[in-house]
Amino acid sequence: DEGRGSMAPFYRMSRVISDSTFLCPHRRFAKAMSERYPNSVFYAETTFAGGEATENTNWLSALVHRDLEYFVGAWHMNQVKWIFGANDTLKICNSTKPGDTGFDPAPWLKEDERMHQLVNCHYALFAHCGSPAATNSTCAQEVLKVHSCQVAASAGLLRPSPFLPFEAAGEKRFALTPLTSPAYVAPTAEENELCAFWDAQKPMHFLTSACRSCAKHTKEAHEKEIV
């Protein structure tokens, strides 16, 4: 039904923001940069929101456990914990003790640790070898000896699919996830149609402040107080 489930206003607005601000602009950027710097752009995505989000199978369970990630899914700020492995991330409004402030540490599960190691391994490969692929090259084989790559490899997260440059992958996205073996995600017809719409729109940008001329008015008010 319209207005319920995945068609609820919250999720519809979320998709508008995601498509117009992240998905489609990233596609355009990857294509433009690959044309400018051939074989040096690697396009990836993750739909992994965190281990706890995979444990809740419906909204009621997520609500009971106060699992924000179940509702918002994977988002751009997740990258911080996948890089640094911060297991002290605060879970919003999860007051479980009398007198609590409403913030408890979010759990750090084995899937989170694997994602942390997987991301670090690909970054290490890219930084040292110019490619995030776990290949048989001399450079890659040296990097694969580091702890993060050893953990990812033992979990079967580095093979068999190579991490190809944007052009060679045919604009497919490499799926970064600790839940399955490496794979590619091909853009769907619906995604292509959506991005064709957003790509045709005028350039957009974020406003630095929702208050127009705030700095000017504040300065004038301050000068009047001094006088």
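The exercises below deal with the disulfides and one surface patch of a predicted model.

**Exercise 1.** How many disulfides are there, counting sulfur pairs within 2.5 Å?

Solution. The cut-off for a pair of cysteine sulfur atoms is 2.5 Å. The sulfur atoms of Cys24 and Cys195 are 2.2 Å apart. For Cys121 and Cys149 the S to S distance is 2.1 Å. Cys129 and Cys139 have their sulfur atoms 2.1 Å apart. The count comes to three disulfides.

**Exercise 2.** Determine the handedness of the Cys24 and Cys195 disulfide and what it ties together.

Solution. The torsion about the S-S bond is about -85°, so this disulfide is left-handed. Cys24 belongs to helix α1 (residues 9-36) and Cys195 to helix α9 (residues 189-199), so the pair ties together parts 171 residues apart in sequence.

**Exercise 3.** Are Cys129 and Cys139 buried or partly exposed?

Solution. Buried means under 20% relative accessible area, and exposed means over 50%. Cys129 has 27% relative accessibility, so Cys129 counts as partly exposed. Cys139, at 31%, is therefore partly exposed too. By contrast, Cys24 and Cys195 are both buried, and Cys121 and Cys149 are buried as well.

**Exercise 4.** Which residues make the nonpolar surface patch of about 450 Å², and where is Val80 placed?

Solution. The patch is made by Trp75, Met77, Val80 and Phe84. Val80 is located in helix α5 (residues 78-84). Its relative accessibility is 40%, so Val80 counts as partly exposed. Patch residues need over 30% relative accessible area, and Val80 has 40%.

Notes. Residues numbered from 1 in each chain as written. Predicted model: local features only at pLDDT ≥ 70, side-chain atom pairs only at ≥ 80, totals over all residues. Heavy atoms only, no water. Patch = residues over 30% accessible without salt bridge, like charges linked within 9 Å, V, L, I, M, F, W, Y side chains within 5 Å. Areas by Shrake-Rupley, 256 points an atom, 1.4 Å probe, with all protein chains shown as cover. Salt bridge = Lys/Arg side-chain N within 4 Å of Asp/Glu carboxyl O. Helix = DSSP H or I, 4+ residues; strand = E, 2+ residues; numbered from the N terminus. Buried < 20%, exposed > 50% of the residue type's maximum accessible area, 1.4 Å probe, protein only.
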